[in-house]
Amino acid sequence: MLQQEVKDWLPLFVGIVTAIAALLGVLISGYFSHRNTRSTLREQRQLRADERRLERMEELFVVFARWEMNFTQIYLIHLRLHKGLLTISQVHDLVVKLDVLDKGDVHRLSMLLRVHFPELAMHYSEVQDARKRIVPFLGDLVAANVDAFVKEQERFENACEAFKQAISELPKLSGTLR
């Protein structure tokens, strides 16, 4: 009789054990699947952040290069004035016609530097210092020392090149994809 009752309950017991094993398998599988999904999402988020940083670095480089080209052209026009090759009115006309910079480039350059790349502030201040040393040569009535002017222009170009090098040396990726 007892043996008969055990035989009657045995299929139910086996079913319960099987159900519990299946549920544990689903829970374990779900845990590892969830963990892998979180890891994948984190990597994708980091990849997108790295791509955006690289895009901003490229934009900074292009905007800075246009800014540099604009000032270089202004300086070269003034150098021709100091060498006696242009009149002051010709210089003003040529400077007004320059169209190297797009509208808002100066503001974008400033924003990119302050918001996204503050670590470049020291390098950029060296560029600005070099630019400020050229400004006295841009006056209308100033009789300039051409050699000194050229020396300051070269100093400006070297500072700009160092700044572009600093941009290119920024870490491109901050995550696991180095």
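A helix, as the word is used here, is a DSSP run of at least four residues, and such runs are numbered from the N terminus. With that in mind, and remembering that the structure shown above is a predicted model, we can begin at His82, which is found in helix 1. Helix 1 covers residues 2-82, and several of the features described below involve residues of this helix. His82 has a relative accessibility of 15%, and because buried means under 20%, His82 counts as buried. Although His82 and Val146 are 64 residues apart in sequence, their C-alpha atoms are 6.6 Å apart in space.

From here we can turn to the surface, where two patches deserve attention. A nonpolar patch of about 960 Å² is made by Trp9, Leu12, Ile16, Ile20, Leu24, Leu27, Ile28, Tyr31 and Phe32. One of these residues, Leu27, is found in helix 1, and since its relative accessibility is 59%, Leu27 counts as exposed. The other patch is positive, and it is formed by Arg35, Arg38, Arg42, Arg45, Arg48 and Arg52. Arg42, taken as an example from this patch, also belongs to helix 1, and because its relative accessibility is 47%, Arg42 counts as partly exposed.

The aromatic residues come next. A pair of aromatic rings is described by the distance of the centres and the angle of the planes. A search of the whole structure finds 11 aromatic pairs. In one of them, the ring centres of Trp67 and Phe156 are 6.2 Å apart and the ring planes stand at 50°, so this pair is tilted. Because Trp67 lies in helix 1 while Phe156 lies in helix 5, which covers residues 146-168, the pair ties together parts that are 89 residues apart in sequence. Are these two partners buried or exposed? Trp67, at 4% relative accessibility, counts as buried, and Phe156, with a relative accessible area of 1%, is buried as well. Both residues belong to one aromatic cluster, which is formed by Phe64, Trp67, Phe71, Tyr75, Tyr124, Phe156 and Phe163.

Charged side chains provide another set of links. Nine salt bridges are found when the whole structure is searched, and Arg66 is a useful place to start, as its side chain meets that of Asp102 in a salt bridge with an N to O distance of 3.6 Å. Arg66 lies in helix 1, whereas Asp102 lies in the loop between helix 2 (88-97) and helix 3 (105-116), so this pair ties together parts that are 36 residues apart in sequence. Asp102 has a relative accessibility of 42%, and therefore counts as partly exposed.

Arg66 also meets Asp105 in a salt bridge, here with an N to O distance of 2.8 Å. This pair links distant parts of the chain, with Arg66 in helix 1 and Asp105 in helix 3, 39 residues apart. Both Arg66 and Asp105 are buried, and for Asp105 the relative accessible area is 1%.

Asp105 in turn forms a salt bridge with Arg108, where the closest N and O atoms are 3.6 Å apart. Here the two partners both lie in helix 3, and they are separated by three residues, about one turn of the helix. Arg108, with a relative accessible area of 31%, is partly exposed. Taken as a group, Glu59, Arg66, Asp102, Asp105 and Arg108 are joined into one network by salt bridges that share partners.

Conventions:
Residues numbered from 1 in each chain as written. Predicted model: local features only at pLDDT ≥ 70, side-chain atom pairs only at ≥ 80, totals over all residues. Heavy atoms only, no water. Patch = residues over 30% accessible without salt bridge, like charges linked within 9 Å, V, L, I, M, F, W, Y side chains within 5 Å. Areas by Shrake-Rupley, 256 points an atom, 1.4 Å probe, with all protein chains shown as cover. Salt bridge = Lys/Arg side-chain N within 4 Å of Asp/Glu carboxyl O. Lys, Arg positive; Asp, Glu negative; His and termini not counted. Charge placed at Lys NZ, Arg CZ, Asp CG, Glu CD. Buried < 20%, exposed > 50% of the residue type's maximum accessible area, 1.4 Å probe, protein only. Phe/Tyr/Trp six-rings, centres within 6.5 Å; stacked < 30°, edge-to-face > 60°.
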